[in-house]
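Here are two short exercises on a predicted model. Work through each task before you read its solution.

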Amino acid sequence: MPATGSSQRSEEAAAPAAAPLAEEHAARHARAARRGLATILGDRGVPGRQRPLLTRLIAVALLVQVVPGLVSGPNLLTLNLACVYAMAAIGLSIVFSLGGFVSVAQAAVMAVGGYILILLFGPTVGFPVALLLAGLGGALVSALTGIVGARVKSHYFILISLALAETIQLVITNATSVTGGANGVGLKAPASVLGLDLGLPTDYFRFITILTFVVIYLADSLRASRAGLALRAQTVDGYLALAAGVAIGRYRIMATAIGGVFAGLAGGMVAIRDGYLGPQNFGLDTSILLLLMVVIAGTGRAGSVVVSALILTFLSQGLLTLTSTGTLIYGMGLIVLIIFAPEGLGGLPRLARGALGRLGARRAGTASDDGGER
Amino acid sequence: MSTFIQAVVAGIAAGAVYGLLGAGFSLAYKTTGIINFAHGDIAMLGAYVTFSVFGWGAPLFVAALAGVVAGGLAGAVMERGVLRPLYKRPLVAGILATVGVSVVLQSVIQLVWGSLPLTLPSLASSTPWRIGSVAFSPAQAVLLAVTIIVSTALIFAVDRTRVGRGMRACAQDSGVVVLFGISPERLYLTAFAIAGMLAGLAGALITPTIGLTPSRGVSLSVLGFAAAVLGGLGSVTGAIVGGIAIAVLRNLASVYVSAGYADAVAYLAIVLVLLVRVRGLLGDDLETVRSV
Amino acid sequence: MVSHIKWAGAAMVGAAALAAVGCGGSDKTSSASDAGSANAVKVAIVQPYSGDSAYYGEYADQAFKLAMEELGSTPGGHAITFVRGDSKCVPTAAVQAGNQVLAQSPVAVMAPACSGDTLALKPLLKARNVSACSINLHPEITEANGKIVRAAPSDAFTNELFAKYIADKGVKKIGILHDTSGYGQGNVDTLVSSLEKNGVKVAVNATYDFADTDYSGQIVKLKKAKVDAAYFEGYDLAAGNLVKQAKQLQLDVPYYANTNAGNDTAEKAAGKSLDGVLFATAFLADSSDATRKFTATWQQKFNQAPNSDSVDLYQCAVVILKAIEATGKNATGATVGEQMAKVSAPGVTVGTMAFDASGDLNDPPVLIGTWKDGKAVLVDRLSGAE
Amino acid sequence: MSAGEIGLELRDVSVQFGGIHAVQGVDFSVAPSRVHGLVGPNGSGKTTILNAICGFVGSDGEIEVGGARIDGMGSYGRMRRGLGRTFQNPRPARELTVRDLLRIGEHDRKAQPWWQVALTPRAADRALRESNERASRLLAMVDIGPGLLEQQLVNLPAGVLKMVDIARALMGAPRVLLLDEPTSGMNDVEIDLLHAALRELSGDSLTILLVEHNLRFMFDICDSMTVLATGRVVGHGTPTEVFQREEVIHAYMGSSTASVHESRPHPVEPSAG
């Protein structure tokens, strides 16, 4: 009672206290506002509010209807893989930009989900149940890194995630009687869901698109929620988060768990896509590729992670194979991008808008009024 | 008992090279704060250069020196060309840039030397001496001796020279090094050049045992990283000890536990050490109190 | 508003990426002839083209080059376009590469040189009704009415004879080290069961990882078990390194090894340590007139000595070309596959290549070789005519 | 203002860093509606005491908020018991806006499961509108218009950032507000605004603990003070009492104490509330 009362009352009486100085003050803020005009114009919209669900649904419906007609053959398969990677990368972006963990274990978390699905799914366990369990398994393993990782500093966390990833690899490779070892293991039955035959690349695309949009929606919701905000605060300044009453440890573990759910689902979908799983494709290189997707996307919305996943997957399937020169170009491109686009793809439009904003401000002269309010 | 001793002795010899890798890794990290995932690839570059120079008819010793120089150059070029703009940026930017360098080095190696595995003869005979029932070869002895000499020199240099003290100061506060009359940029360059030389040396030393393949660098980076972290990031002595500890642990695990899970045992040990040590040092999840 | 612009931008970037890959990414054509002509067919080569095993891809390309020079580049009037997939010696990558190339409807596939890759590809081949020729040694590659023929002896066949050979040498207790690859696992599984059938006890059966640099732990384990023989399985470099490190640690027992120990790389890695190591193989340069002739041709053309992999890949190229030739006008995956199963083509390691009902080579060669003064020499011939 | 109540009380609080006593045996208590100041030279342990109250550093001794013990709790538990805290140098996160920061401040007051945003977007929007209104009202108190809500923190002048940080602490509706050097980085205009606002706040039963170098500001606003030197309490009292005691003057500022006595009280009406 007294706590809320204090701020309530003071709000009413605050204005007259500084009346003589208000003008100068307002001018100062207007100046500040003008300086940040470009940034405000570039703002990602009102946080906490999502793009209307209807728009998203229409977008999914369009994609699901149109794309399988336009894209076919190898490109559709790669597109499907890109969607899988996008899901895992969105998960990693939660672990990374909200949890504050630089993890190189995301591919291993995918492997856990993948193996859970491929070993469970069959006549007795249906596909939706197996996929959910894959997500759950991913969450548990990923949360483990969070629990251990919350105790160490970031450089050491990388090694801890590396240790987990290598251990998962070793278990898969050595437990041959269960996992098939390096030879891998095949899917026991064809999967279908919602009337879609997931063995067909077109139907697989329809399902994975829907799934990816669900993941994007959930990830954006998390980011926009108070919990997401608390997590973002925590990555910037742990004391600030503590001072706001955020239970940092618990929240970070939650972030790793949620990131793990998405990776587990993605792993399960790899198993369905290929009809086969082996330990090798969940190695360090895949984890690094996912980390690249996240960093190149910048710390923006899940949508930009999808874009960078698309680009990097097509690059890694096209440019990277068959020649060493392709790899060379890829490596150099990587370095250039990291050096010259500090905020990744997400930062590029902002840079552009910043330039535009400056231009616009110069032309309009007094754009400060709508600059503040928008 | 002799099995145990043999496993330990062989582990020490193998671990010495991991230690060298870790020492370079640690030195670069200590000065610049960058975790270098291209470290192992620089080692492979040094090894490939050693191979070529040896192939032109130079004595192995000279060829190895050429490999060391090549490693140093690669380290310096990497620092200048890639890492310099990244020191003020988040950890992950530096890491991914070094991954980029690793990709570039691997493809350069593949373009220049091809993907067929290549090999080098040892610096010394690999016919073992027998001490009791424990075998120990001159090649292993040379490896160990070089590691001890180089790391002692390195520790001495870091402790006693102006540049070395600058590096240590850099780890605390890059502003302070100006007081030593050295620019931080030069220190960073020196640190990466030395780290590269250590990597090149490790590459030249390890090649006779493992041969040359373009993508071997990744596992060497991981080993160096693990050695450096286990020993305590930033400490040269720690890295050497860490490297040897990892190799010995792996050997003992594969003899007495399971060869398939030897790496897992080593990683588990590292994680346990980290948990105890880091908690002991910091007490909480936040390192220090916000400065007033 | 802004977010819409962002999405439009994202869509454009995505589309650009799609277009770029669609136009230039996935295949290289090496045939001079017009791919659009009525008689053009596609042949898929799925091999490691990048990574540490990229030399297999190189061998495969060389094998086709040589075979097309010798048999003609338009078998049955078909201009051949190659579509390549990079399997990286990683089964999952092989599935991805396989999906990509099979989506372009090739009439035949050169299966990847790493067994795990081919095993992972098998269901795809069945689903697409395309046949492949394989050089893999893993026993489960072929099966009755499968879609794969194998131009090399199965490890199951080789190891049955090799195990008996080892037992006949008086070995009672053996220690085995192998890698965790699909090939390594399959090889050792067949060897172990055959050894046990012949009364040899397998005291140690330990694994090492591809990425390992040091095998001393595993070797000490063999010493501890006091084995009276050792069997080392591994790809070329690892096979050599294993032998060398075992010698260094004074594991003073007779060594046996898989076919890769007969390759040049193994010899370069291990040098004199390999002398006296007995390995089972299908190809030795100096074992017959055919192999001597092939070795000379290959050496002259590509400036490197052939090994058991390159010779088997060459045999596969011959099988595929011969099958396309025999198909006549209507070459599809199904028809070429039929012809592959009943092909009869000149071989190198065997006089005439023909396959049994499950796709395995009739009368496959099994040679015992060893190294002597830097040369791989024939010690014994356990199967196959000269 | 009920005299018997206690807003914040410290009994025999000590903090050690690796064997060194940064703070030793500190006692004081502050009643609701009072502003209490901690003064002392650099290194005398003022901020450490704030950190100890918040649980950022481990401490011995008893700490009570509103009559309930909070020592032994984690930081977030203490905040939920009604602590609010500002920082001397708030770190402006690049990607956070003023609105974001204020919503973070509200964290422990309004639990919102993250899936609420996904499953019931309308309720989430409503919650967002409410917190926007609260934020706007708080900002108005220090004469900042609601237009600033969308501003990114990095673009704020230092003084405004400090104001926003204080508003952030108030979003959690604390009973006890801990202020760490609030006036540093502020100009005179802003200091006056802050002064008025703090008076206003303490007018209701908010307890304020203040660490500050601006002695004039302290003198004007504090109801009582504790003087610290090398981690120990060397004196208590009203500002007038404190600044007259010899040992306090010596321990605190040495020569510069003269300026305190010479300076006239700042002409701000303390009776605005």
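**Exercise 1.** Place A:Asn80 in its helix, decide whether it is buried or exposed, and list its contacts.

Step 1. A:Asn80 sits in helix α5 of chain A, residues 73–98. Helices here are DSSP runs of H or I with at least four residues, numbered from the N terminus.

Step 2. A:Asn80 has a relative accessible area of 1%. It is therefore buried (under 20% relative accessible area, 1.4 Å probe, protein chains only).

Step 3. Leaving out residues up to four places away in sequence, A:Asn80 touches A:Pro201, A:Tyr204, A:Phe205, A:Ile208 and A:Arg273. Contact means heavy atoms within 4.5 Å.

Residues are numbered from 1 along each chain as written, and chains are lettered from A in the order written. In this predicted model, local features need pLDDT of at least 70, side-chain atom pairs count only at pLDDT 80 or more, and totals for interfaces use all residues.

**Exercise 2.** Describe the interface of chain A and chain B.

Step 1. The two chains bury about 4,000 Å² between them, 78% of it on carbon and sulfur atoms. Buried area is the accessible area (1.4 Å probe) lost on being put together, summed over both parts.

Step 2. In chain A, A:His155, A:Tyr156 and A:Leu159 lose the most area to chain B. Together they make up 17% of what that side buries.

Step 3. Elements giving two or more residues to the chain A side are α8 (154–174), α12 (238–243), α14 (284–297) and α16 (324–340). The largest share, 13 residues, comes from α8(A).

Conventions:
Heavy atoms only, no water. Buried < 20%, exposed > 50% of the residue type's maximum accessible area, 1.4 Å probe, protein only.
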